[in-house]
Amino acid sequence: MNDMNEYLYKNWKTIRNKIRKVTKNHQNTDDLMNDLVVTLLEKPYEYQRDLLEKKKVDHWFTAAASIQFKSQTSPFFYKYKSFVMRTNTFEEWQHPQQEEDVPMEEKVMQFIRNEIETYNVYEKTLVIEHLLNDKSYSEIGREYGINRRFISETITPVKKELFEKVKEQWNF
């Protein structure tokens, strides 16, 4: 057993947990990790030894996982994510008996409304004013007497989180 195999055997659980954090526990995380292990083991011995000596193996895995997971041109994307995109069309997701289904825009808006309810009153109020009532940060600031910067610092992370949840929900 070479040095890298030994290291991977001893640290598998730690590396796996780090990759799970990077991919937010995506359903294909284990497949990505296996692909990365194969990729690393196919690298020259000198490269592997250098990573081990500099104690950069965990970093290599998290960086590679992040790049592979977020890129739309990575081998991981073509192998797993794009497969789902190629094989599942929107029509395949719809149930035939639901011809009078709610339009997608309304579904998304209802989903956002439900998610907004999980935030505290302050965040919820500002996000509703901005996203649902279509008010600018300045308008909200004048109405509630709150500094625009504080409004931005509140709304921006919530909005980002909401849009991530929408993307996850409908694979946008």
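The exercises below, each with a worked solution, concern the nonpolar cores and two loop residues of a predicted model.

**Exercise 1.** Determine which residues touch the most other members of the largest nonpolar core, and which helices each supply at least two residues of this core.

*Solution.* Begin with the membership: the largest nonpolar core holds 17 residues, and those that touch the most other members are Ile19, Leu36, Leu40, Trp60 and Phe61. Next, assign the core to secondary structure: at least two of its residues come from each of helix H1 (3-23), helix H2 (29-42) and helix H4 (57-70). Finally, H4 makes the greatest contribution to this core, with six residues.

**Exercise 2.** List the residues in contact with Phe61, leaving aside its neighbours within four places in sequence.

*Solution.* With those neighbours set aside, the contacts of Phe61 are Leu8, Ile15, Ile19, Leu36, Val37 and Leu40. A further core, separate from the one treated above, has 15 residues, among them Val108, Ile116, Ile151 and Leu162.

**Exercise 3.** For Lys55, find the loop in which the residue lies, and decide whether Lys55 is buried or exposed.

*Solution.* Lys55, which is not a glycine, has a positive phi, near 55°, and lies in the loop between helix H3 (45-53) and H4. Its relative accessibility is 74%; because exposed means over 50%, Lys55 counts as exposed.

**Exercise 4.** Carry out the corresponding analysis for Asp134, giving its loop and its accessibility class.

*Solution.* Asp134, although not a glycine, has a positive phi of about 55°, and its place is in the loop between helix H8 (121-132) and helix H9 (137-144). Since its relative accessibility is 65%, Asp134 counts as exposed.

Methods
Residues are numbered from 1 along each chain as its sequence is written. This is a predicted model: local features need pLDDT of at least 70, side-chain atom pairs count only at pLDDT 80 or more; totals for chains, interfaces and linings use all residues. Side-chain values use heavy atoms; hydrogens and water are left out. A nonpolar core is a set of buried Ala, Val, Leu, Ile, Met, Phe, Trp, Tyr and Cys residues joined through side-chain atoms within 4.5 Å. Buried means under 20% relative accessible area, exposed over 50%, partly exposed in between (1.4 Å probe, protein chains only). Helices (H or I, at least four residues) and strands (E, at least two) are DSSP runs, numbered from the N terminus. Contact means heavy atoms within 4.5 Å.
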